[in-house]
Amino acid sequence: MIFDSHAHLTDPQFKKDRAQVIENALTHGVSQILTVCSFFTERETEDFATLLEHHDFIFGSAGIHPHDAKQWDKLWPRLEKTLQMEKIVALGEIGLDYHYNNSPRETQKEVFRQQLKLANTRELPVVIHSREAMEETLDILHSEGINSGVIHCFSGSEDEMKVCLNLGLHISVAGPVTFTKASTLQRIAQTVPLDKLLVETDCPYLAPQPVRGKRNEPAFVRYVVEKIGQLRGMAPEQVAEITTQNARRLFGITGS
Ligand SMILES: [Zn+2]
């Protein structure tokens with residue numbers, strides 16, 4: 001039983017075989033999935049609503065991605081509407097991306113701040129995307145008084161991990177931990193306090209070894225769990241159990 005804490009099941013790459021992908025997840029020990037809505041096209045919002053409605057083990061998160069921050073005036077009303085849906089347990093992914101700079105940095109920061117305020121009002125944990133911008137991301141989280149959330153697909157340093165933990169945030173480890181050159185991330189997966197660790201796929205992106213380069217899907221989260229087990233000298237079942245409890249606690253999921 002594994003909780004994939006970050007998937008994009010509404011991505012067009014799953015258009016043709018979404019039902020099969022969900023079936024595969026269940027066959028490979030995935031018990032719960034957080035699916036992230038980011039595009040807010042009519043198509044995506046509809047698919048997202050259908051997924052949440054038809055599968056009791058799928059939960060939702062919605063947020064304006066830093067890439068799209070420049071379109072915030074169009075997306076904001078759609079975000080607010082999506083957040084009304086039942087089974088929304090988080091706000092995100094939101095944050096800063098200084099690698100691609102698809103939106104101007106000042107706009108990214110402003111849209112990030114506004115969404116953090118919204119998360120505080122709605123009392124939702126946040127799902128954070130931060131690429132080559134960790135220092136500013138953490139400054140903003142701190143100044144907005146955020147203390148509940150997760151840094152998704154963590155790619156920072158050990159010092160940055162400590163700052164995240166001090167803020168009360170969780171660290172989510174994705175497929176790159178299985179890559180041979182990922183020594184910093186592997187050290188983080190080894191040392192992060194167990195009660196703050198989550199696992200994810202970020203599918204359809206970032207497929208782990210041994211399926212690297214393929215389309216990723218929730219069933220492959222087991223490779224991340226196995227790798228963390230190896231690194232920490234723990235049984236994969238134990239890693240799965242603990243990270244599932246953590247995700248359920250963070251997202252306020254009770255019951256089965
Ligand atoms: Zn994502």
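**View A: P204 is found in the loop between β8 and α8.** Here the peptide bond running from C203 to P204 is cis, with omega near 15 degrees. Helices (H or I, at least four residues) and strands (E, at least two) are DSSP runs, numbered from the N terminus. This is a predicted model, in which local features need pLDDT of at least 70, side-chain atom pairs count only at pLDDT 80 or more, and totals for chains, interfaces and linings use all residues. Residues are numbered from 1 along each chain as its sequence is written, and side-chain values use heavy atoms, with hydrogens and water left out.

**View B: The zinc ion and its donors.** Coordination of the zinc ion comes from H6 (NE2), H8 (NE2), E93 (OE) and D202 (OD), at 2.0 to 2.4 Å. Donors are N, O and S atoms within 2.8 Å of the metal (3.2 Å for Na, K and Ca); water is not among the atoms, so sites may look incomplete. Along the chain, the donors are spaced as H-x1-H-x84-E-x108-D. H6 belongs to strand β1 (residues 2-7) and D202 to the loop between β8 (197-199) and α8 (221-232), so this pair ties together parts that are 196 residues apart in sequence. H6 counts as buried at 0% relative accessibility, and D202 is buried too, with a relative accessible area of 8%. (Buried means under 20% relative accessible area, exposed over 50%, and partly exposed in between, with a 1.4 Å probe and protein chains only.)

**View C: What is the geometry of the zinc site?** The site of the zinc ion is irregular, with angles of 86 to 176 degrees among its 4 donor atoms. For comparison, four donors count as tetrahedral if all angles lie between 85 and 135 degrees; four count as square planar and six as octahedral if opposite donors are over 155 degrees apart and all others between 65 and 115; anything else is irregular. The donor E93 has its place in strand β4. A cis peptide bond joins G92 and E93, with omega of about 10 degrees. Most residues other than glycine have a negative phi, and most peptide bonds are trans.

**View D: Strand β3 and its neighbours.** Strand β3 (residues 58-62) is mostly covered, with 5 of its 5 residues buried. In a regular strand the side chains alternate between the two faces of the sheet. Both faces of β3 are covered: I58, G60 and A62 are buried on one side, and F59 and S61 on the other. Strand β2 (residues 30-37) runs parallel to β3 and is joined to β3 by 5 bridges; look for L34 opposite F59. Strand β4 (residues 88-97) also pairs with β3 in the parallel sense, over 3 bridges, and there A62 stands opposite L91. Two strands pair if DSSP finds at least two bridges between them.

**View E: From β2 over a helix to β3.** Together with helix α2 (residues 42-54), strands β2 and β3 make a right-handed β-α-β unit. A crossover is right-handed if, with the strands pointing away from the viewer, the path from the first strand over the helix to the second runs clockwise.

**View F: K87 and E132, two residues with positive phi.** K87 is found in the loop between α3 (72-82) and β4, with phi near 65 degrees. A relative accessible area of 25% makes K87 partly exposed. E132, in the loop between β5 (126-131) and α5 (134-143), has phi near 55 degrees. At 54% relative accessibility, E132 counts as exposed.

**View G: Charges over rings.** The charged end of K87 sits over the ring of F59, 5.4 Å from the ring centre. In the second example, the charged end of R105 is over the ring of Y98, 4.0 Å from its centre. A charge sits over a ring if NZ of Lys or CZ of Arg is within 6 Å of the ring centre and within 35 degrees of the ring normal.

**View H: How many aromatic pairs are there?** The count comes to 2 aromatic pairs. F3 and F251 have ring centres 6.1 Å apart and planes at 35 degrees, so the pair is tilted. F3 lies in strand β1 and F251 in the segment after α9 (236-250), so the pair ties together parts that are 248 residues apart in sequence. F220 and Y223 also form a tilted pair, 6.0 Å centre to centre with 40 degrees between the planes. Both F220 and Y223 are buried. Rings of Phe, Tyr and Trp (its six-membered ring) pair if their centres lie within 6.5 Å; planes under 30 degrees apart count as stacked, over 60 as edge-to-face and the rest as tilted.
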